[in-house]
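Subject: Structure handover

Hello,

Here is the structure I said I would pass on. Please open it next to this email and read the two together.

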Amino acid sequence: MGWNSWNFFRDTIDDAIVRQVAQSLVSSGLAAKGYVYLNIDDSWAATVRDAAGNIQSDPSRFPDMAGLAAYVHSLGLKIGIYSSPGPATCAGRMGSYQHEAQDAQTFAAWGIDYLKYDWCSATHVYKPSEQPAAYKLMGDALAATGRPIVYSICQYGANGVWTWAASSGGNLWRTTHDIKDNWTVMSTIGFDQQLGLAPFAGPGHWNDPDMLEVGNGGMTFDESKTHFSLWAMLAAPLVAGNDIRNMNSHTLEILSDSEVIAVDQDKLGNEGTRAAVNGLLEVWQKPLANGALAVGLFNRGATPATVTATWQDLGLAGSHAVRDLWAHVNLGDFSNEYSASVPEHGVVLVKIAH
Ligand code: GLA
């Protein structure tokens with residue numbers, strides 16, 4: 001769990017913003033909820049290396065990376081950075097091609113805890129079939145530093161990445177093209193493009209349906225709750241992508257909901273799957289520790305609807321206690337099925353006890 005600069009700040013990110021976001025992660029309470037990785041995305045690096053071939057930050061934006069990392073660490077947070085297996089990043093900054101070991105050492109020396117490694121220009125220097133090896137080069141280089149650095153593979157879900165990313169050292173890998181701050185893209189990624197990928201996720205190696213757009217303004221409250229619920233059901237990395245310094249109460253309420261976060265962070269690390277689909281109504285399930293089941297009743301339609309989760313679809317029998325996770329209320333014991341009225345593009349997320 002953490003935050004990444006790209007979805008909101010794009011190529012305007014700098015040292016001052018990162019420090020302010022770090023402070024806001026702590027003062028908003030989000031850090032205490034688990035959002036500890038503060039990840040700088042593209043546009044931090046200079047376009048040239050120094051005389052010794054070292055990657056360097058753009059001095060007008062990031063005058064002192066080690067100093068910034070120390071500051072972020074002093075707040076109890078961790079810091080992430082971004083590079084590419086190609087010669088240049090997507091925004092035209094320096095990539096790590098043919099400098100993998102050197103850059104990994106630089107990142108470790110700065111105190112970096114997380115690297116997002118984005119394919120971008122690598123398409124000009126590698127064949128698609130060379131992706132596993134290209135990613136392993138940096139995976140091995142990070143391991144060789146001796147510093148624990150989370151390794152985030154970003155190549156937009158090509159070449160069955162979920163089948164090989166963990167053996168390239170990846171801890172998470174993007175499964176799709178970039179998310180956008182709208183219902184259509186978010187819901188397509190979350191509902192449709194993760195189908196079949198659950199077997200590849202587990203503790204230490206996760207499918208990544210991309211960073212959150214909660215709080216960026218393009219989705220309604222209900223759509224944002226659907227987004228967050230779906231990512232929790234998918235055991236997805238929860239990487240906020242909004243301006244943490246300026247959040248309204250709805251955004252903070254969604255990002256900090258302890259019961260929904262607990263579904264995402266459940267220790268078994270199961271990725272949820274779709275249990276039933278009826279037109280635009282979907283029921284998803286995620287087995288939790290201690291035999292409980294998280295169940296999402298989703299309405300992808302543009303009008304309110306009743307969504308029913310049947311025990312048959314969920315593999316349950318008998319009577320079970322049901323709790324509404326967003327409302328934080330126990331709903332009572334149910335047999336055979338649980339039904340709820342779900343707003344347009346909305347969700348009712350429940351936990352069904354063993
Ligand atoms: C790609 C990635 C995004 C972001 C941008 C930065 O599009 O998929 O997540 O990192 O590059 O340029």
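What follows is a short account of the domains, the pockets, the cavity and one arginine.

Please keep in mind throughout that this is a predicted model.

Domains

The domain assignment splits the chain into domain 1, residues 2–264, and domain 2, residues 273–352. Their C-alpha centres lie 31 Å apart. Across the boundary, 25 residues of domain 1 are in contact with 23 residues of domain 2.

Pockets

The largest pocket has a volume of about 440 Å³. It is lined by 21 residues, and those closest to its centre are M1, Y37, W206, P237 and Q265. Strand 1 (2–4) and strand 2 (37–39) each give at least two residues to this lining. Sorted by class, the lining of the largest pocket has 13 nonpolar, six polar and two charged residues.

The second largest pocket holds about 220 Å³ of space. Its lining consists of 17 residues, with W6, R10, D118, R174 and D178 nearest the centre. Two or more lining residues come from each of helix 1 (6–9) and strand 4 (114–118). By class, the lining of the second largest pocket has seven nonpolar residues, one polar residue and nine charged residues.

Cavity

How many cavities of 30 Å³ or more does the structure hold? There is one, and the space in this largest cavity is about 80 Å³. The residues around it are N4, N39, Y114, K116, S152, L172, R174, D208, D210, M211 and V239. Strand 4 and strand 6 (172–174) are the elements that supply two or more of them. The classes here are four nonpolar, three polar and four charged residues. R174 is worth finding in the viewer, as it is listed both among the residues nearest the centre of the second largest pocket and in the lining of the cavity.

One arginine

R49 sits in the loop between strand 2 and helix 4 (65–74). Is R49 buried or exposed? It counts as buried, because its relative accessibility is 15% and the cut-off for buried is under 20%. The side chain of R49 reaches the backbone oxygen of G95 at 2.8 Å. Setting aside neighbours within four places in sequence, R49 is in contact with N54, I55, Q56, M94, G95, S96, H99 and D103. G95 therefore appears twice for R49: its backbone oxygen is reached by the side chain, and G95 is in the contact list, where contact means heavy atoms within 4.5 Å.

Regards

Conventions
Residues numbered from 1 in each chain as written. Predicted model: local features only at pLDDT ≥ 70, side-chain atom pairs only at ≥ 80, totals over all residues. Heavy atoms only, no water. 1 Å grid on protein atoms, 1.4 Å probe; cavity = no way out; pocket = protein on both sides within 12 Å on 5 of 7 lines; lining within 4 Å. Points joined across faces, edges and corners; volume = space filled by probe spheres on them. Helix = DSSP H or I, 4+ residues; strand = E, 2+ residues; numbered from the N terminus. Nonpolar A, V, L, I, M, F, W, Y, C, P; charged D, E, K, R; others polar. Buried < 20%, exposed > 50% of the residue type's maximum accessible area, 1.4 Å probe, protein only. Polar contact = N/O pair within 3.5 Å; in protein donor to acceptor, adjacent residues only side chain to side chain. Domains from an automatic or database assignment.
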